[in-house]
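Student: Hey, got a minute to go through this model with me? I'd like to get a feel for it before I head back to the bench.

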Amino acid sequence: MAFRYRQKYFDANDALNIEDWNLNIKELAEEFNGYLDRDNFPNGSFGQAQIVSNAFTRVHFNDSGTNEAIDVTTLAWQKGSLCSLEVIATVDCILQVELGAENIWTGTVLDTYCVRHKVSVDGVTVAESGWQSSKQQNSCTWICGALPVSAGKHVIQHWAGVGSVDNANDTAVSIPSTRPSLNVQDRQLLVIERRR
Amino acid sequence: MAHLTFTELLENSVAAAADVNSTLTSWNTQSTDIDASNVRDEGLDGRSVASRAITPSDGFAQFSDAGSVTLTNTSPALVAIGATNVICGPFNINESDKEQLVVRCSCKVRINATGSGAANKSVTVYMAYTDDASPTSGSTWNVIARSDRDFLLNNYGAGIDPPKRGVYTVSFLFSGGGSLSTANLHFGLFSSISGSGVNYYIADVHIHGVTYAR
C-alpha cells in the first residue's frame, strides 16, 4: 500500500531535515512503482474496461456434426474424429469440461449392447458416462467434470466405447456377432478455463 | 507503466526549483499511465472488482415438472408451456471485446405411446436464437448448429414397450461470427415429432446463459 508507513513526521517549528523529506518522497515513489494494492483502491474500482480480456476466464469450444462411425468390433476406447481441444494455459487454472453427444444406432439394437463416453485431460479421465443401451436408438449424452492444471499445454479429448454389458458388474464383456452400428453425430466439447 | 522518478534534494545545497519541479513533472506526467505494473502481484482481490465486470450478463428460465406440455406438432415449433414461450434472455454480448456467451439447456422428453403406435417415431429437440428484443414464436429464429438431438423409439414387437423417455442436454459457446454486438439475444427451445398420431411431452426445462467478459 502506498505510503502506508510514513517514514518521518514533521512538527511545527522543526528545522527541515532534507533527508527526512527525501525519505518520505522516495517511499511514496517506490510504492507507486509496483506496490499498489487493494488498500489503494476503493471497493469496486475496476470495471470491465480496466481488466484485460480473458484475464479470469477463457472459453474453448469444438463441435462437429459429421457422423463419426464408432468401431463396434472392439471394446477399446476410441477417439477417431471425436472432439478435441488443445488449451495453452498461461498460469495454473481449473479446466471445466462439458461434453454433449448424440448417439445414432442402426441395425439390430440389443438391450445389452451399449455405448459410453468419457472426456480426458492429458489422458486423465475427468468425466465418464454410464452405459446407454442401443435400445434407445437415438439418444444423447451429456457429462461434465473439472481438473486443476498447471500452466502449459493441455489436450482435452472426447472418447467413446461400445460393448455388450454384463448387467451383474456393469462392464463390457464381449462383442456379439450380431450387433448394431453406431454413429456419434452432433457433438460439442466445451472447456471453461478459470484462472482466478 | 507509470514509473515515478524522484530527484533528491541534497543537504547543505540550495533547493533548486528545477530539482523540485523535476519530481513534480514526473509525477504529473505519469499520473495518467498507472497500469497493472504499478500493482503488486496478487495485490487485488474480489473487493477491487466491480460487480458484473467479469460476467456482465446472465440469466435463466426454468419450467418445473408441473409446467409440462404435451405436443403433437410435426413441424419444428417454439415450445410453449401454458401461455409462456420457452425463451431465455436477453443476453448482452460484444464479441469484438472478446466476450464469450455460454448457454446450457436441459429438459425431459417422453413419447406418449406404447407398442406399435410409437414405432419409428422420433422427437427432435433443438435450440435457436433471435436478436428480437421482444421475441415471439413469429420472430426470426436461427437454429443453433449441432444443438439438435433426436429421440427415436422403435417397435420391439407386440407387448414390448419401447423406451419412451430421454433427456435433452446441450451446452455450447454461442458465436455470432466474432464481431456480434447486441443486447437482445434470446434463446428458445424448439421441438417436433416425426409422424402424426403420437403425442410427446416436454417438461423440466432449464435454460441458462452466462457471458464471460474477462
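Student: How far apart are the centres of domain 1 and domain 2 of chain A?

Tutor: The two centres sit 56 Å apart, taken over C-alpha atoms. Bear in mind that this is a predicted model.

Student: And where do those domains start and stop in chain A?

Tutor: The domain assignment puts domain 1 at 1-51 and domain 2 at 57-194.

Student: OK, what are the dimensions of chain A then?

Tutor: Along its principal axes, the C-alpha trace of chain A spans about 105 × 30 × 25 Å. The radius of gyration of chain A is 29 Å, whereas a compact globule of 196 residues would come in near 16 Å.

Student: What about chain B, what box does that one fill?

Tutor: Roughly 110 × 35 × 30 Å along the principal axes, going by the C-alpha atoms of chain B. Chain B has a radius of gyration of 29 Å, against a value near 17 Å for a compact globule of 214 residues.

Student: What's chain A built from, in helices and strands?

Tutor: Chain A has 1 helix and 11 strands. Reading from the N terminus, the helix comes before the strands.

Student: And how many helices and strands does chain B have?

Tutor: Chain B has 1 helix and 13 strands. From the N terminus on, chain B also begins with its helix and carries on with strands.

Student: How much of each chain is buried?

Tutor: In chain A, 30% of the 196 residues are buried. In chain B, 34% of the 214 residues count as buried.

Student: What share of the contacts in chain A join residues at least 24 apart?

Tutor: It's 76%, counting contacts in chain A between residues at least 6 apart in sequence. The figure for chain B, counted between residues at least 6 apart in sequence, is 78%.

Student: Can we look at that helix in chain A? Where does Asn24(A) sit?

Tutor: Asn24(A) is in helix H1 of chain A, which covers residues 18-32. Asn24(A) is partly exposed, because 16 other C-beta atoms lie within 10 Å.

Student: How far is Asn24(A) from Lys8(A)?

Tutor: C-alpha to C-alpha, Asn24(A) and Lys8(A) are 6.5 Å apart in space, with their positions 16 residues apart in sequence numbering.

Student: Switching to the strands: which way do E5 and E6 of chain A pair?

Tutor: Strand E5 (residues 113-121) and strand E6 (residues 124-128) of chain A pair in the antiparallel sense, over 4 bridges. Val121(A) stands opposite Val124(A) in E6(A).

Student: What's going on in the hairpin of E5(A) and E6(A)?

Tutor: There are 2 residues between the strands, and Asp122(A) takes a positive phi near 55°.

Student: Now Ala69(A): buried or exposed?

Tutor: Exposed, because Ala69(A) has 12 C-beta neighbours inside 10 Å and the cut-off for exposed is 12 or fewer. Ala69(A) lies in strand E2 (residues 68-70) of chain A.

Student: Which residues is Ala69(A) in contact with, leaving aside its neighbours within four places in sequence?

Tutor: Ser181(A) and Asn183(A). Ala69(A) and Ser181(A) are 112 residues apart in sequence, and their C-alpha atoms are 7.8 Å apart in space.

Student: Let's move to where the chains meet. How many residues are in contact there?

Tutor: 48 residues of chain B are in contact with 45 residues of chain A. On the chain B side, the elements giving two or more residues are strand E7 (100-111), strand E10 (149-152) and strand E11 (165-174). E11(B) gives the most, with 7 residues.

Student: What's that side of chain B like by class?

Tutor: The side of chain B that touches chain A has 23 nonpolar, 13 polar and 12 charged residues.

Student: Last topic, confidence. What are the ipTM and pTM?

Tutor: The model scores 0.87 for ipTM and 0.87 for pTM. Chain A averages a pLDDT of 91, with 96% of the residues scoring at least 70. Chain B averages 86, and 90% of its residues score at least 70.

Student: Where in chain A is confidence lowest?

Tutor: In strand E10 (residues 171-174) of chain A, at a mean of 83, while confidence is highest in E6(A), at 98.

Student: And why should I care about low pLDDT?

Tutor: Where pLDDT is low, the predicted coordinates should not be read in detail.

Key:
Residues are numbered from 1 along each chain as its sequence is written. Chains are lettered from A and ligands numbered from 1 in the order in which they are written. This is a predicted model: local features need pLDDT of at least 70, side-chain atom pairs count only at pLDDT 80 or more; totals for chains, interfaces and linings use all residues. Domain bounds come from an automatic or database domain assignment. Two residues are in contact if their C-beta atoms, placed from the backbone, lie within 7 Å. Ala, Val, Leu, Ile, Met, Phe, Trp, Tyr, Cys and Pro count as nonpolar, Asp, Glu, Lys and Arg as charged, and the others, Gly among them, as polar. A residue is buried if 20 or more other C-beta atoms lie within 10 Å of its own, exposed if 12 or fewer, and partly exposed in between; C-beta atoms are placed from the backbone. pLDDT is the predictor's confidence in each residue, from 0 to 100. The radius of gyration is taken over C-alpha atoms; the globule rule is 2.2 Å times the number of residues to the power 0.38. Two strands pair if DSSP finds at least two bridges between them.
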